[in-house]
Structures are given as C-alpha cells and as structure tokens.
Amino acid sequence: MSEGNSGDAIRGRLDVLFEDEEFAGLYPNDGRPGLSPGQLALVSVLQFAENLSDRAAADAVRTRTDWKYAIGLELEDPGFDHSVLCESRARLAEQDGAADRLLQLMLVRLREAGLLKAGGRQRTDATHVLAAVRTLSRLELAGETLRAALEELAEAAPAWLAPLIEPEWDKRYGRRVEIGKLPGGKAAVTTRAEEYGRDGQKILAAGWAASAPPHLRRLPQVEILRRVWVHHYFWDADGCLRWRDGRTLPPASLRFDSPYDTDAHYCVKRDTAWSGYRTHFTETCDEDRPELVVHVATTISTVQNIELTDTIHDDLAERHLLPAEHVVDSGYISPARIERAQRVHGITLLGPVVADHSSQAKANSGFDTAAFTIDWDNEQAICPRGATSVSWTELRMKANAYLQARFAEADCRPCPDRTRCTSSATRPRSIAVLPRSLHEIQTRNRLDQQTKAMAAPLRDPRRHRSHPLPKRPGPWAATFPLPRPGPHPPPARPYRDGLQHRPRRRLDRHHTQNTTPGHTLPHPVLSHRVTCPTSPAESRHCL
C-alpha cells in the first residue's frame, strides 16, 4: 500500500472497513461532539501506513481526497483537530478488549475481500515494549511507592492519616522522589532504604490494625506498598526490618519496577535490557498475498517466547486462520511444540531447534549424545565403542521428561576414549534423551538445520529481519509487514499516571473529597500476576 493511493485501495477493496455500531462504547461521554469511532480507527490505520504524526494525519484528512474517499467524508468536510486522534487511541486502550475487537473486525473484512485465508505460511516474532513509566532505582522505587500510598490515603482518609504523619515526612515525601548518587556509597543507600522501610511499615501496621477502616487495605497504592515491602525488605533475627541485598531479591517475574504499572518488569535479552512488556506479532508471508498481521499478544517481559507458541496456535484455530507452515525462531520452538502443532492443528512448525549444549558437542571433538545409538525396544543406549548401558530411568529436568541411560563403570574406566566422552575422572558416562517421538523430531531437525533445504526459508528476507520496528505496535498494524526488533530499544512513551506529575502537597493537609483511583493500560495477555500475602502478618513471614 503506497502513499497516495492507500485510501483508494482500502475503499475500493474493502468498502466500509469499520461500522460505528461496532464501537458505540468509544464515543466520548463528557458532552463533546461525537466523532465517528470507525472513521477515527481508519485514520489510525492510514496514519500508521504512511508513518505520519497526529498533526500530519489530521491535515491529510482535511486536504487529501483519497483519505476523504476512504473515510467516507464529503469533500467540503473540515476534518478535526489533531488532538482527537490521541484521545481516540486512549479510549481504545482503556476499554478492555477494544483493541482486539478492532483487529478481529479488520481480519473479518480482509477475509470477505479474499485477501486473507487459512493455510499458507505465517511467521511469528517478538519485540520489547517499554513501559510508560519513569525509570527508578530500587531506592527510588521504595520512596516513590510510599509517597504514592500517602497521596492516596490523604485523599481517601485524611483524618485517619493525620496522626501518623511525622514532621519530616513533608520534606521526604512531599514531592516526587528523585535520588541521585548518595554520599557514603552502599551504606548510605541502605540507611535511606531502611528509613523508608520503617515509615512504610508504620503505615501498613496502622492500616491492618483492628481499628482501621477496612476499605483502606483495598486501596490500590496501599496494596502496591505492601507488595513492594515484601519484595525488598525482610525481618532479621532481632525483629528489625532490613533492606534486602540485591542477590536475595525475588525473581524479576515477581517484582515490578514502578508503583504506577505493576505489569512492568525488568528483563534482559542478549544485549537489550528494558522494563516493560513483550509483544508477539504473527503475520502471513505468502508470496502471492499481502503481508497481514493476524495475531498480537502482549505479556509481561519475563514470559519466554516458547510459552506463547501453543497459545498462538489455539487462538488462530478459533479464528479459522491456522497456517499450513509456521516459521519461528529458536525461542518459540522445541520438539514438544513441533509434535503438538502437527498433532493438534496439522501445522508444520519450522525453525531452528536449540543445539546440543553439552561440552562434547561444543568442543566438536568428543562423543556427544548424537554419537550414541538408542535401542528403544530394549531400552538401552550403545556407545561409539560398542558398550551397552546398564540402566534406563525416567528423569525430569526443567519440567520436561527425559530418559537417562547410564553405562557401567567397568566399561567406562578403562576405555581409551574416556577423555573424549566424559570429563569426570571416576564416574561413568550417562546420557539423557527425550522420549522416542520427540527424540526423533529433535535429531531430524538438528540434521536438517545443517542443510540448505532448512536454511533457505529462514534466510528469505520476507520471513526474517527486514522491516523496521514501529514505535507503538498496535492492532492497526494489520495490513503491514511484521515489525522486528532493531539494535536499540524504542523511545519511552510519555508518563501515563498523573500521580507522577502532581504538584507538591503538604501531607498534613486534610482533604475531604474522594477521587477515583487511576487505571492502568490493559494488555491482551498479561496473565502472569504477582501472588503475595494478604495481611501484614503473612507479609512478615514472607519478609
């Protein structure tokens, strides 16, 4: 779809892409003029196609006849202000499932127009997405979390909070917590952190006291405060609250990096480190049809790619868009995934299976697992020197079932090839293999990876890293090539939570009005949540 005829192509092939009845909930509810959500959604598609800013897109709506034709506007229509586009996308993001519904409607229209069908070839890849929050150190996270909780309590229960406030809290938590390099090094950081810890524990203890209003424990920022204290503090043997050393923290999949977005987790993948999420795109890549994104899934950043393979296949099956061949990289594929894709959905899953990482295979001079012959009928393994294993047992490693064959010490100790077979000076050799069906898939794929037949489709630029990464991936990418991660992370979006921009407020002020807690941006998957205790007593045990 090229610039200048994109609107004509959409209107000519798809007629009306979005009907307003399908997005009735996206109209503004504050009395402003009701612009068509369907038209605004189509403007977002055209804007993404031509990589335009909101202002440039609004100008195109006013001045370009192909855009007016695609959107269904009269030639004399004056259009709208560019700020409408940002507000429209915000409403789309705020309503749970609205973005997915937009993508599904596009796919239905594309199928009706004959541009999309099941079968063929698809590919999947992931990219990182930065959270729209300020980067915080652990110390800043503790201080900012407590400040946010105090702000919320000051609005929800000012009379309850007032007796708890200490004189120095106004200076300590009266404005956004920003801490540079503290004089005194690590000891100074620990002292400041434990100061925050005692202040936060005072609030938590009072909130869970029998005389405290029960609704205070259910305030979002109070709950986040409790969880952050569980993650970063512990009780020592003397009953004092202590700051955790970095080596004793919970895994990144349980911790979050901002009190304003508990779905933002820190993750490192090769040379890229970020705090946010991971988005998985699946697109068609047939030679005779346009490349169309057919599935988008967003998870927390620590969810590994391979955990999404089965989910993507199941979702595509529900939409009747299963491919015949699915091309992925090594992060999505394993023998078990290959077997399930073929057995359940009839999909040929193509991609490089992880190589053998044993020391013998890495050295390329010893006897790796592939050098052994497996006698499945007799449940034995035969080594290159002809010795037969003496035991055959089941073994579980990383939630996978393996079969372990162990050889006799009498055969291994005098073997002239012992140094090529094992690095142990005394113990005999043992090997672990997958169950027969999976082992055969693994062996066959590893051999195929060394041939041109397997390497060719993976080198095809239409199926590999050939397209630039959009700054804000979304369902409106459905008619364009699959974005791939570039060498640098995308720029962070503006701060989303108003709590980070509130002016300085004295904590001893009494506020009588209540406010509705702010929401966070929903994501299509994000099913991996932190599970924490529900009371300070339980938190104490966890700490």
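In the predicted model, strands β1 and β5 run antiparallel and are joined by 9 bridges. One of the pairs in this ladder places Q122 opposite its bridge partner T284 in β5. Strand β5, which spans residues 272-284, also pairs with β4 in the antiparallel sense, here over 5 bridges, and K269 has T272 of β5 as its bridge partner. A further set of 7 bridges joins β5 to strand β6 (residues 293-300), again with the two strands running antiparallel, and in this pairing Y277 stands opposite I300 of β6. Of the 13 residues of β5, 11 are buried, so the strand is largely enclosed by the rest of the structure. In a regular strand, side chains alternate between the two faces of the sheet.

The connection between β4 and β5 is a hairpin with 2 residues between the strands. R270 lies in this loop, between β4 (265-269) and β5 (272-284), and has a positive phi of about 55 degrees although it is not a glycine. Most residues other than glycine have a negative phi. With a relative accessibility of 66%, R270 counts as exposed, because the threshold for that class is over 50%. A positive phi of about 55 degrees is likewise found at N51, which is not a glycine either. N51 is placed in the loop between α2 (37-50) and α3 (54-63), and its relative accessible area of 70% makes this residue exposed as well.

A132 provides an example of a loop residue that is buried, with a relative accessible area of 3%, a value that falls in the buried class because the cut-off is under 20%. This residue is located in the loop between β1 (121-130) and α7 (138-156). The C-alpha atom of A132 is separated by 8.4 Å from that of D261, although the two residues are 129 residues apart along the chain.

Two helix pairs were also examined. Helix α10 (residues 185-207) packs with helix α11 (residues 220-232) at an angle of about 130 degrees, and their axes are 11 Å apart. The two helices are therefore oblique to each other, and their crossing is left-handed. From α10, the contact involves Y196, G197, G200, Q201, I203 and L204, while V222, L225, R226 and W229 take part from α11. Classified by residue type, this contact of α10 with α11 has 6 nonpolar, 3 polar and 1 charged residues.

In the second pair, the axes of helix α13 (residues 335-345) and helix α17 (residues 436-448) come within 9 Å and cross at roughly 105 degrees. Because angles of 65 to 115 degrees fall in the perpendicular class, α13 is roughly perpendicular to α17. The residues that meet here are P335, A336, I338 and E339 in α13 and L438, I441, Q442 and N445 in α17. By class, the contact of α13 with α17 has 5 nonpolar, 2 polar and 1 charged residues.

Notes:
Residues are numbered from 1 along each chain as its sequence is written. This is a predicted model: local features need pLDDT of at least 70, side-chain atom pairs count only at pLDDT 80 or more; totals for chains, interfaces and linings use all residues. Side-chain values use heavy atoms; hydrogens and water are left out. Helices (H or I, at least four residues) and strands (E, at least two) are DSSP runs, numbered from the N terminus. Buried means under 20% relative accessible area, exposed over 50%, partly exposed in between (1.4 Å probe, protein chains only). Axes are lines fitted to C-alpha atoms, for helices over the stretch in contact, and angles run from 0 to 180 degrees between N-to-C directions. Angles under 35 degrees count as roughly parallel, over 145 as roughly antiparallel, 65 to 115 as roughly perpendicular and the rest as oblique. A crossing is left-handed if the near helix is turned anticlockwise from the far one by less than a right angle, and right-handed if clockwise. Contact means heavy atoms within 4.5 Å. Ala, Val, Leu, Ile, Met, Phe, Trp, Tyr, Cys and Pro count as nonpolar, Asp, Glu, Lys and Arg as charged, and the others, Gly among them, as polar. Two strands pair if DSSP finds at least two bridges between them.
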